[in-house]
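Let's take a walk through a protein model together. Keep the picture open while you read, and turn it around whenever a residue is named.

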Amino acid sequence: QVQLVESGGGLVQAGGSLRLSCAASGLTFSRFRMGWFRQAPGKDREFVANLTRSGDSTYYADSVKGRFTVSRDNAKNTVYLEMRSLKPEDTAVYYCAARSIFANEYHLWGQGTQVTVSS
């Protein structure tokens, strides 16, 4: 049974930092491209960041570029999202997702972790 379990969310003041983690189980982690998405109240889920299976290449939404860093530890089956200089508009439920080399879309999702940034 594949599981993606996010942790590390919480309440933080604007300008603060948080580090999200996503622990994967039930899959060969190194074979999956991993990504982070978020969904704010009343809005569609949006892409935040992703990285290749090796972690050598990373991609970011313009809204988080320069503030967020995505990374992975294939030995620990874990992907991270380091978030700095947080803004109230970063408030959302953050989801990690996995995509196999055979898939065109992310098809495995975690349950999400709430991030709330107060002004």
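What follows goes from the whole chain down to a handful of single residues.

## The big picture

First, a word on where this comes from: the model is predicted. Look for the secondary structure and you'll find zero helices and 11 strands. Reading along the sequence, that gives the pattern β-β-β-β-β-β-β-β-β-β-β.

How does the radius of gyration fit with a compact globule? For 119 residues, a compact globule would come out near 14 Å, and the protein has 13 Å, so the two agree. If you drew a box around the C-alpha atoms along the principal axes, that box would be roughly 40 × 25 × 25 Å.

Now think about inside and outside. Of the 119 residues, 45% count as buried. The accessible surface adds up to about 6300 Å², and carbon and sulfur atoms own 45% of that surface. There are charges to place too: 14 positive and 10 negative side chains, with the centres of the two sets 4 Å apart.

The chain also brings together parts that are far apart in sequence. Take the contacts between residues at least 6 apart in sequence: 54% of them join residues at least 24 apart.

## Into the core

Which residues have the most contacts inside the largest nonpolar core? They are Trp36, Val79, Leu81, Met83 and Tyr94, in a core of 31 residues. Several strands feed this core with at least two residues each: S3 (18–25), S4 (32–39), S5 (46–51), S7 (68–73), S8 (78–83), S9 (92–100) and S11 (113–118).

Let's zoom in on Val79, which sits in strand S8. Is Val79 buried or exposed? Its relative accessibility is 0%, so Val79 counts as buried. Setting aside residues up to four places away in sequence, Val79 touches quite a list: Leu20, Ser21, Cys22, Phe29, Met34, Trp36, Leu51, Val70, Ser71, Arg72 and Cys96. One of those partners is Trp36. Val79 and Trp36 are 43 residues apart in sequence, and their C-alpha atoms are 9.0 Å apart in space.

Met83 is another of the residues with the most contacts inside the core. Beyond its neighbours within four places in sequence, Met83 is in contact with Gly16, Ser17, Leu18, Leu20, Arg67, Phe68, Tyr94 and Val115.

Move over to strand S9 and you'll meet Ala97. Ala97 has a relative accessible area of 0%, so it is buried. Its contacts, leaving out neighbours within four places in sequence, are Leu4, Arg33, Met34, Gly35, Phe37, Tyr106, Leu108 and Trp109.

## Loops worth a look

Two residues have a positive phi without being glycine, so find them in the picture. Asn77 has a phi of about 55°, and Asn77 lies in the loop between S7 and S8. Ser85 has a phi near 50° and belongs to the loop between S8 and S9. How much of each is open to the outside? Asn77 is partly exposed, with a relative accessible area of 24%. Ser85 counts as partly exposed too, at 41% relative accessibility.

Is Leu86 buried or exposed? Leu86 is found in the loop between S8 and S9, and at 2% relative accessibility it counts as buried, since the cut-off for that word is under 20%. Have a look at what is around it: not counting residues up to four places away in sequence, Leu86 touches Val12, Ala14, Gly15, Gly16, Ser17, Leu18, Arg67, Phe68 and Val117.

One more stop is Arg72, in strand S7. At 12% relative accessibility, Arg72 counts as buried.

## Sequence distance and space

Here are some pairs to try with the distance tool, each taken C-alpha to C-alpha.

| Pair | Apart in sequence | Apart in space |
|---|---|---|
| Val79 and Trp36 | 43 residues | 9.0 Å |
| Ala97 and Trp36 | 61 residues | 6.2 Å |
| Arg72 and Thr113 | 41 residues | 18 Å |
| Leu86 and Asn74 | 12 residues | 27 Å |

Try the last row yourself: Leu86 and Asn74 are 12 residues apart in sequence and 27 Å apart in space. Then go to Ala97 and Trp36, which are 61 residues apart in sequence and 6.2 Å apart in space.

Technical notes. Residues are numbered from 1 along each chain as its sequence is written. This is a predicted model: local features need pLDDT of at least 70, side-chain atom pairs count only at pLDDT 80 or more; totals for chains, interfaces and linings use all residues. Side-chain values use heavy atoms; hydrogens and water are left out. Helices (H or I, at least four residues) and strands (E, at least two) are DSSP runs, numbered from the N terminus. The radius of gyration is taken over C-alpha atoms; the globule rule is 2.2 Å times the number of residues to the power 0.38. Buried means under 20% relative accessible area, exposed over 50%, partly exposed in between (1.4 Å probe, protein chains only). Contact means heavy atoms within 4.5 Å. Accessible areas come from the Shrake-Rupley method with a 1.4 Å probe; for residues, only the protein chains shown count as cover. Lys and Arg count as positive and Asp and Glu as negative; His and the chain ends are not counted. The place of a charge is taken as NZ of Lys, CZ of Arg, CG of Asp or CD of Glu. A nonpolar core is a set of buried Ala, Val, Leu, Ile, Met, Phe, Trp, Tyr and Cys residues joined through side-chain atoms within 4.5 Å.
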